[in-house]
Amino acid sequence: MKVFNYAIAGEPVQVKVPESYDDLLMFWAWFVEADNRGPIGLDTETTGLDVYSPGYKLRTVQFGDRHTGWVILWELGGYFHEFALRALRHGKKFQIHNAPFDWAVLDRHAPGMSIELLAQKTIDTRLKAGLVDPRQPQEGGRGTALKPLMAWYVDPKAPDTQGDLTAVFRSLKLTKATGWAGIDLMHPTYLLYAGLDPIFAARLDTCLDRELDMLEVRPRLVQYEHEIARICAIMQRKGMVLDVDYTRELDERLASEALMHEAACLRYGVTNVNAPAQLREALKGMGEVWSADELTATGALKVDKAVLHRFADLDFQTGKPLGTRKPNPLAEAIIKSKRAGKWRSAYTQTFLDVMDSDGRLHSFVNSMQARTGRMSITRPALQTLPSGDAMIRRCLMADEGEVVVSTDFAAVEMRVLAALADVKRMKEAITNGEDLHAFTARQVYGEGFTKQHRKVCKGVGFSKVYGGGAATTARQTGAPLADVQRAMTAYDRVYPEIRRYSNRLQRQAYDNGFVGVSITGRRLPVDRDRVYAVTNYAVQSAARDCLGQSLINLENAGLLDTLRLPIHDEVLASVPKAESADYAKAIEKCMTFDLMGVPIEAEAEVGKRSWGSLYGAEV
């Protein structure tokens, strides 16, 4: 038996690594006793992050309480498998930090350890930490990573082993990406690092329970987040079929496009499309003029996506021509070159890198990511796909004999805002089934309103939700700034409840130490210089919880097996082609309910086999 002595907050702890059958018997005796006392910390070490990729391996399974960690060397097989599985089966409650990752690992590599089985006896300390403070360190928060949280709550020296292990990786000429697979299983720093994590989870859980109780966070909200995490983990396990041949062809095409547009940029003296100084000088030389609000914090001229789209006369959101000026050819070439390069690295290459041996793609769904609880999807980041794009979405397919169904909430942010702020005229328009943005344009401009008026009112409405100003709305809609400012003033007259609601939320946030609270009890920290953002956070959080409740409704209706991805306010499903209309209606029903007197409604669209078919792709 290897034994490593360590101290946490001045208190001695031990990490034990069984090396023989007799050692494993000692582990089992400890486990039975610890399991009777209460929850046990649980963690895994693996060869990396891409759980479903070919060649991926589970290396160790760790268990621990506040004083002792045990590292079971899964990689050695035999009795080590037997005892790890016995503990996983018999454990009553486990404390895991970032449980969906370990669920996926064990579901994939430990026979009989399904996500469903593990989830019902899991306490996820990462979810609890996010409910205490969802901000990352760069936002002024504590973050949700295990070591920094331990440093905050328990022992400032807790992250030391992480630094020690990184140094070992470097000494072995390994990177953070390759070190987990390349380091020797018996390396003492690796084993100590592994064995401390379940001890950390056990200690952190106690601290978080105390904090949640002090902050009066509802226990039902904690339970709800665990339910959503489980549902998302099951969707991740299912994954989507990748059209490998199409993806490879698209990858090659994007590489060619990037080179072609880079060559076009070179004609204007730009050798690197990612060098802002070069772009500024070239565009200035072509006579382009920046507005006063198109400057960086240091006073430099911006060459971001919004500015380049204005110069290219393209809509910032859709990429379609605006027809307001002569397009700048360099700006067009920069946009196209960057897009091709980004789409290749972020999507097609990543798709091919992380697909499993069956050609399925398993994107990781972080069920509670942003301050508001909004979900995110990583590796690959499918929630960042451009709206209206068919090209990338064409890579992802429904199962054989099935078709894709996309079900999206109807104007959910505006409906949520109407419910939270009790906006009477808006609620009446929604109840009567009117186009809300057209209704608003009629109130602002009269019966003779135009499509552009509707677009401006839509932009103003979203600025109320997202906290954007008149300048941002003008840039995104292509309308003159003065027109947008007048529309904003009129909007406040039409819907006075919104401003009153926003003012009330801001006062409450000030009184609560710059923290708002959502309708479900979620804490919403705001920055001192951006307290106005609390309205945005409240709306976004409620909209996210509408999606979360919909996922629970879908599971209760027996539809979980059809679900593939939750993206923003959309749920993507794969259903039998012959029954697709019935499935679409059932999904719509699960995503339609009442929120404080406002109907939250969803509309399903049935496509062909590819996700891209919903955006114009033929397949």
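Me: In which sense do strand E1 and strand E2 pair, and over how many bridges?
Reply: In this predicted model, strand E1 covers residues 2-8 and strand E2 covers residues 11-17. One of the bridges joins asparagine 5 to glutamine 14 in E2. The sense of the pairing is antiparallel, and the number of bridges is seven.

Me: Which residue in the turn of the E1 and E2 hairpin has a positive phi?
Reply: E1 and E2 form a hairpin with two residues between them. The phi in question is about 55 degrees, and the residue in the turn that has it is alanine 9.

Me: What is the order of the strands in the open sheet of four strands?
Reply: The edge strands are E16 (563-567) and E20 (602-606), each of which pairs on one side only. Strand E13 (residues 402-409) is joined to strand E17 (residues 570-576) by seven bridges, and the two run antiparallel. From one strand to the next, the twist averages 20 degrees. The pairing in the sheet is antiparallel and the order is E16-E17-E13-E20.

Me: Which residue in E17 is the bridge partner of aspartate 408?
Reply: Seven bridges join E13 to E17. Aspartate 408 falls within the residues 402-409 of E13. Its bridge partner in E17 is glutamate 570.

Me: At what angle to E17 does helix H22 run?
Reply: Helix H22 is made of residues 534-556 and lies across E13, E16 and E17. Its angle to E17 is about 20 degrees.

Me: How are H20 and H21 oriented where they pack, parallel or perpendicular?
Reply: Helix H20 (residues 481-494) packs on H21 with the axes 4 Å apart and at an angle of about 90 degrees. Angles of 65 to 115 degrees count as roughly perpendicular, so H20 is, relative to H21, roughly perpendicular.

Me: Which residues in H21 are met by Tyr491, Asp492, Arg493 and Val494 in H20?
Reply: H20 spans residues 481-494, and H21 spans residues 496-511. The four named residues of H20 meet, in H21, Pro496, Ile498 and Arg499.

Me: Is phenylalanine 514 buried or exposed?
Reply: Phenylalanine 514 lies in the loop between helix H21 (496-511) and strand E14 (515-517). Its phi is near 65 degrees, a positive value in a residue other than glycine. Because its relative accessibility is 16%, phenylalanine 514 counts as buried.

Me: Is glutamate 216 buried or exposed?
Reply: Glutamate 216 is in the loop between H9 and helix H10 (219-238). Although it is not a glycine, glutamate 216 has a positive phi of about 60 degrees. The relative accessibility of glutamate 216 is 69%, so this residue counts as exposed.

Me: Which helix gives the most to the largest nonpolar core?
Reply: The largest nonpolar core has 179 residues, and those with the most contacts inside it are Phe63, Val416, Met426 and Trp611. Apart from it lies another core of 19 residues, among them Trp290, Val303, Leu308 and Ile334. To the largest core, twelve residues come from the helix that gives the most, H9 (residues 188-214).

Me: Is arginine 415 buried or exposed?
Reply: Arginine 415 lies in helix H15 (residues 412-421). Leaving out residues up to four places away in sequence, arginine 415 touches Ala410, Ile430, Val598, Pro599, Ile600 and Glu601. With a relative accessibility of 11%, arginine 415 counts as buried.

Me: How far away is the nearest cysteine sulfur to cysteine 232?
Reply: The structure holds zero disulfides. Cysteine 232 is buried, with a relative accessible area of 1%. A disulfide needs sulfur atoms within 2.5 Å. For cysteine 232, the nearest cysteine sulfur is that of cysteine 546, at 15 Å.

Me: How far apart in space are aspartate 358 and valine 241, C-alpha to C-alpha?
Reply: Aspartate 358 is in the loop between helix H14 (329-354) and strand E9 (360-361), and at 63% relative accessibility it counts as exposed. In sequence, aspartate 358 and valine 241 are 117 residues apart. In space, C-alpha to C-alpha, the distance between aspartate 358 and valine 241 is 8.4 Å.

Me: What is the omega of the peptide bond from arginine 379 to proline 380?
Reply: Proline 380 lies in the loop between strand E11 (376-378) and strand E12 (396-397). The bond from arginine 379 to proline 380 is cis, with omega near 5 degrees.

How values were computed
Residues are numbered from 1 along each chain as its sequence is written. This is a predicted model: local features need pLDDT of at least 70, side-chain atom pairs count only at pLDDT 80 or more; totals for chains, interfaces and linings use all residues. Side-chain values use heavy atoms; hydrogens and water are left out. Two strands pair if DSSP finds at least two bridges between them. Axes are lines fitted to C-alpha atoms, for helices over the stretch in contact, and angles run from 0 to 180 degrees between N-to-C directions. Contact means heavy atoms within 4.5 Å. A nonpolar core is a set of buried Ala, Val, Leu, Ile, Met, Phe, Trp, Tyr and Cys residues joined through side-chain atoms within 4.5 Å. Buried means under 20% relative accessible area, exposed over 50%, partly exposed in between (1.4 Å probe, protein chains only). Angles under 35 degrees count as roughly parallel, over 145 as roughly antiparallel, 65 to 115 as roughly perpendicular and the rest as oblique.
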